[in-house]
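Biologist: Hello! Could you walk me through this model, one question at a time?

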Amino acid sequence: IIATRVPATVLLTGSSILFAIVLGILLGVSASKKPYSILDNFASTVTLLGYSTPTFWLGMILILLLSVQMRLFPTLGMTSAGAELTGWDAVVDMLSHLVLPMVTLGTVYLALYTRLTRASMLEELKKDYILTAWSKGLDERTVYYGHAFRNAMLPVVTVLGLNLGLMLTG
């Protein structure tokens, strides 16, 4: 019984984690480049709301707004009922059904990864080897992504591994 549900579970959790980790890292790095800027304050506010919003409530609100009112996404199911789709049409249909659950499940993790990435980047940017990189005349991209980003990702990868296990079993 469990084995029949594993592919759907892996698809949903995998896409939610991918959504959360990609956007969370991008938002966290962008927010850490200029602390306390408008982007940083916006990211902090959005992550606070995303982390504190109950997922069951967010899911219902997304269904009401994006499915019922705007008719952008299907309301339920994994595929369209009665549709005999193949190839790319089947993939697009499945992805359209996946968007709302993926965003709902991934929002809490998105907030977590954004805050963790921002904090880790700010901590790494204060270290001596970053000051040395700046004083050597390295460009901003090399300092941020070549030096600070690699070391800042250690806690993010650790939390990702823990959350992946929780999402698959919880």
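The questions and answers below go through this predicted model.

Biologist: Let's start with the overall picture. How many helices and how many strands are there in the protein chain?

Modeller: Happy to. Along the sequence, the protein chain follows the pattern α-α-α-α-α-α. The C-alpha atoms fill a box of roughly 65 × 35 × 30 Å along the principal axes. The count for the protein chain is six helices and zero strands.

Biologist: What share of the residues counts as buried?

Modeller: A residue counts as buried when its relative accessible area is under 20%. The protein chain has 170 residues in total. The buried share of them is 31%.

Biologist: Now to helix H4. What does H4 span between its end C-alpha atoms, set against a straight helix of 38 residues?

Modeller: H4 covers residues 88-125, and a straight helix of 38 residues would span 56 Å at 1.5 Å a residue. H4 also has a kink of about 45°. Between its end C-alpha atoms, H4 spans only 44 Å.

Biologist: On which residue is the kink in H4 centred?

Modeller: The bend compares two axes, fitted to the seven residues ending at a given position and the seven starting there. In H4 the angle comes to about 45°. The residue at the centre of this kink is Gly-106.

Biologist: And H1, where does that helix bend?

Modeller: H1 has 32 residues, and its 45 Å from first to last C-alpha is close to the 46 Å expected at 1.5 Å a residue. There is still a bend of about 30° in H1. Its position is Ala-8.

Biologist: I'm curious about charged contacts. Which residue forms a salt bridge with Arg-118?

Modeller: The structure has two salt bridges. In the one made by Arg-118, the closest N and O atoms are 2.6 Å apart, and both residues of the pair are buried. The partner of Arg-118 is Asp-40.

Biologist: How many residues apart in sequence are the parts that Arg-118 and Asp-40 tie together?

Modeller: The salt bridge joins Arg-118 to Asp-40. Arg-118 lies in helix H4 and Asp-40 in helix H2 (residues 38-52), so the pair ties together parts of the chain whose separation in sequence is 78 residues.

Biologist: Glu-124 and Lys-127 also meet in a salt bridge. Is Lys-127 buried or partly exposed?

Modeller: The N to O distance between these two side chains is 3.1 Å. Glu-124 has a relative accessible area of 9%, so it is buried. Lys-127 has a relative accessible area of 34%, so its class is partly exposed.

Biologist: What kind of aromatic pair do Trp-134 and Tyr-144 form?

Modeller: The structure holds two aromatic pairs. In this one the ring centres are 6.2 Å apart. Planes over 60 degrees apart count as edge-to-face. The planes of Trp-134 and Tyr-144 stand at 80°, so the pair is edge-to-face.

Biologist: Which helices does that pair link?

Modeller: Trp-134 and Tyr-144 are 10 residues apart. Trp-134 is partly exposed at 37% relative accessible area, while Tyr-144 is buried at 8%. The pair links helix H5 (residues 128-135) and helix H6.

Biologist: On the surface, which helix supplies the largest share of the nonpolar patch?

Modeller: The patch covers about 440 Å² and is made by Ile-2, Val-6, Val-10, Leu-164 and Leu-168. Helices H1 (2-33) and H6 (140-169) each supply at least two of its residues. Leu-168 is found in H6, and its relative accessibility of 43% makes it partly exposed. The largest share, three residues, comes from H1.

Biologist: Some backbone angles caught my eye. In which loop does Tyr-36 sit?

Modeller: Tyr-36 has a positive phi of about 65° although it is not a glycine. With a relative accessible area of 67%, Tyr-36 is exposed. Its place is the loop between H1 and H2.

Biologist: Last one: what is the phi of Arg-71?

Modeller: Arg-71 sits in the loop between helix H3 (55-69) and H4. Its relative accessible area is 71%, so Arg-71 counts as exposed. Its phi is positive, in a residue other than glycine, with a value near 55°.

Technical notes:
Residues numbered from 1 in each chain as written. Predicted model: local features only at pLDDT ≥ 70, side-chain atom pairs only at ≥ 80, totals over all residues. Heavy atoms only, no water. Helix = DSSP H or I, 4+ residues; strand = E, 2+ residues; numbered from the N terminus. Expected span 1.5 Å × (residues − 1). Patch = residues over 30% accessible without salt bridge, like charges linked within 9 Å, V, L, I, M, F, W, Y side chains within 5 Å. Areas by Shrake-Rupley, 256 points an atom, 1.4 Å probe, with all protein chains shown as cover. Salt bridge = Lys/Arg side-chain N within 4 Å of Asp/Glu carboxyl O. Buried < 20%, exposed > 50% of the residue type's maximum accessible area, 1.4 Å probe, protein only. Phe/Tyr/Trp six-rings, centres within 6.5 Å; stacked < 30°, edge-to-face > 60°.
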